[in-house]
Amino acid sequence: MSTNTAAFDTSDIDRHLGKVLDFSPLREPIANNDMRRWVHAMHYPNLLHYDPDYAAASRWGGLVAPQSFPIATDDGHGAAPACVGCIPNSHLLFAGDEWWFYGPRIKAGDMVRNERVPFDYTVKETGFGPTCFQRGDNNYSNQHGEPIAKQRSTALRYNAHAGGSAVNEADFADPEWTDEELDDVEKRAFTWVQMLHDLGHKERWWDDVNVGDQLPERVFGPHSIASFATEWRAYIVNTWGTMNLRKQDLLAMGFTPEMAGYENDPDMQKINPTLTDGAYYGPSRGHLFPKYARRIGMPRGYGYGASMGSWVTDFLSGWAGEHGMVVHSVANYRGPALTGDITIQTAEVTEKSVDDEGRHLVHVKHLMTNQRGVKMCLGTAEIALPKKPA
């Protein structure tokens, strides 16, 4: 495998840095069913986001979207500002996200806007050879101009041949699970759901959290082509006609022909919309089709980086409860969710503080692994919790 970074041309990226990109605005306001579809797809059974009776008794007085929802309103899973410029004969994978949350929650009737700005990039040597780590900012706001969240995404762009040559054939087959093992997974999964029920509408007090505390384990899966397809359909753009789509040329960005195609092309959507569906054609087809997964360096069907970032946010905000809020998080992706695997999330409290705004923060380091202990994601976060009245 070549390690000649000079032959890996990233120079076209420079002209895009710091410049606002086009975006694809929503055609209709957010609906309650958009939020329901999202938490269903993200394996997040928090009644606050889908059950109207429960939500009516909450501090919000009705259904609200989870903190992870803004990315569902974007036309590119947050990756667009981290994928600009032409890198000839290249593939792309998500590498991580950093989030800042400002407070306003998305509700039915809101119109979400995203101002996207490419931030920076660097080239490093990885298992794929020369690899471009490209970052870009997504700035989500509502119809009142209130900032909701900022997402700084990181994408990996690498030589297409290097990606295809890196696949381990030993990982082609899904793991086999016995009935007893699956029963155990279901019990472990429900333990975290029961934590949501036990907390209910109550506060999780900052005062009661201690450094060294372990957050309850969250488990879900096994993942499958069906579960990944459910995730895909929850991103609003992946339903025909939901956005005024921007025009993009994936071939001109350096994607190989079989991974380019007409994904989210506004003109083709009026002619033959099937060809614009990334679940079947274009750069996203590797998630659901092992043949194409292996061309980009994955052994079999795999999940979406944007979903992994949402799992992190849901894990932490679910523990915080409706009176708490994730204010900042960093998620570095190390490996994907593969079909047949389960996802296990853990976190440890590392610090408590009060920031300049007077918010009482709990600092955590979080980890996501599969059943074999392979690291999928790791990072840190700060969560605001209420303090008990004096």
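Gln345, in this predicted model, stands opposite Met368 in strand E8, and that pairing belongs to an antiparallel ladder in which 10 bridges join strand E7 (residues 343-354) to E8. Here helices (H or I, at least four residues) and strands (E, at least two) are DSSP runs numbered from the N terminus, and two strands pair if DSSP finds at least two bridges between them. Residues are numbered from 1 along each chain as its sequence is written. Because the model is predicted, local features need pLDDT of at least 70 and side-chain atom pairs count only at pLDDT 80 or more, while totals for chains, interfaces and linings use all residues, and side-chain values use heavy atoms, with hydrogens and water left out.

**Confidence**

- The mean pLDDT (the predictor's confidence in each residue, from 0 to 100) of the protein is 94, and 97% of its residues reach 70 or more.
- Over residues 1-6, however, the pLDDT is below 50, and this stretch has 13 contacts in the model beyond near neighbours in sequence, where contact means heavy atoms within 4.5 Å.

**The hairpins around E8**

- E7 and E8 form a hairpin with five residues between them, and Gly358 in the turn has a positive phi of about 85°.
- On its other side, E8 is joined by nine bridges to strand E9 (residues 375-384), again antiparallel, and Lys365 stands opposite Thr380 in E9.
- E8 and E9 likewise form a hairpin with five residues between them, with Gly373 in the turn showing a positive phi of about 85°.
- Strand E8 (residues 360-369) is mostly covered, since eight of its 10 residues are buried, buried being under 20% relative accessible area, exposed over 50% and partly exposed in between, with a 1.4 Å probe and protein chains only.

**The whole sheet and strand E1**

- These strands belong to an open sheet of nine strands with antiparallel pairing, in the order E2-E3-E4-E1-E6-E9-E8-E7-E5.
- Strand E2 (113-126) and strand E5 (218-220) stand at the edges with a single partner strand each, so one side of each is left without a neighbour in the sheet.
- Neighbouring strands of this sheet are turned by 20° against each other on average, direction ignored; the axes behind such angles are lines fitted to C-alpha atoms, for helices over the stretch in contact, and angles run from 0 to 180 degrees between N-to-C directions.
- Strand E1 (residues 90-101) pairs with strand E6 (residues 325-333) in the antiparallel sense over five bridges, in which Asp97 stands opposite Ala331 and Gly96 has Asn332 as its bridge partner.
- E1 also pairs with strand E4 (residues 147-159), antiparallel over 11 bridges, and the bridge partner of Phe101 in E4 is Ala149.
- Since 10 of the 12 residues of E1 are buried, this strand is largely enclosed by the rest of the structure.

**Nonpolar cores and helix H8**

- The largest nonpolar core (a set of buried Ala, Val, Leu, Ile, Met, Phe, Trp, Tyr and Cys residues joined through side-chain atoms within 4.5 Å) has 66 residues, and those with the most contacts inside it are Phe69, Leu316, Trp319 and Val364.
- Helix H8 (residues 305-320) gives the most to this core, with eight residues.
- Apart from the largest core lies another, of 12 residues, among them Leu93, Phe128, Tyr292 and Met298.
- Not counting residues up to four places away in sequence, Trp319 touches residues including Met195, Leu199, Val362, Ile383 and Leu385.
- Phe315 has its place in helix H8 and is buried, with a relative accessible area of 1%.
- Leaving aside neighbours within four places in sequence, Phe315 is in contact with Trp192, Leu215, Pro216, Arg218, Gln345, Thr346 and Ala347, a list that includes Gln345, the residue standing opposite Met368.

**Two buried loop residues**

- Asp74 lies in the loop between helix H2 (52-56) and E1 and counts as buried at 2% relative accessibility.
- The side chain of Asp74 makes a polar contact with the side chain of Asn114 (3.0 Å); a polar contact is a pair of N or O atoms within 3.5 Å, and within protein one must be able to donate a hydrogen and the other to accept it, while residues adjacent in sequence count only if both atoms are side-chain atoms.
- Pro273 is found in the loop between helix H6 (266-271) and helix H7 (290-295) and, at 19% relative accessibility, counts as buried.
- Leaving aside neighbours within four places in sequence, Pro273 is in contact with Trp240 and Met268.
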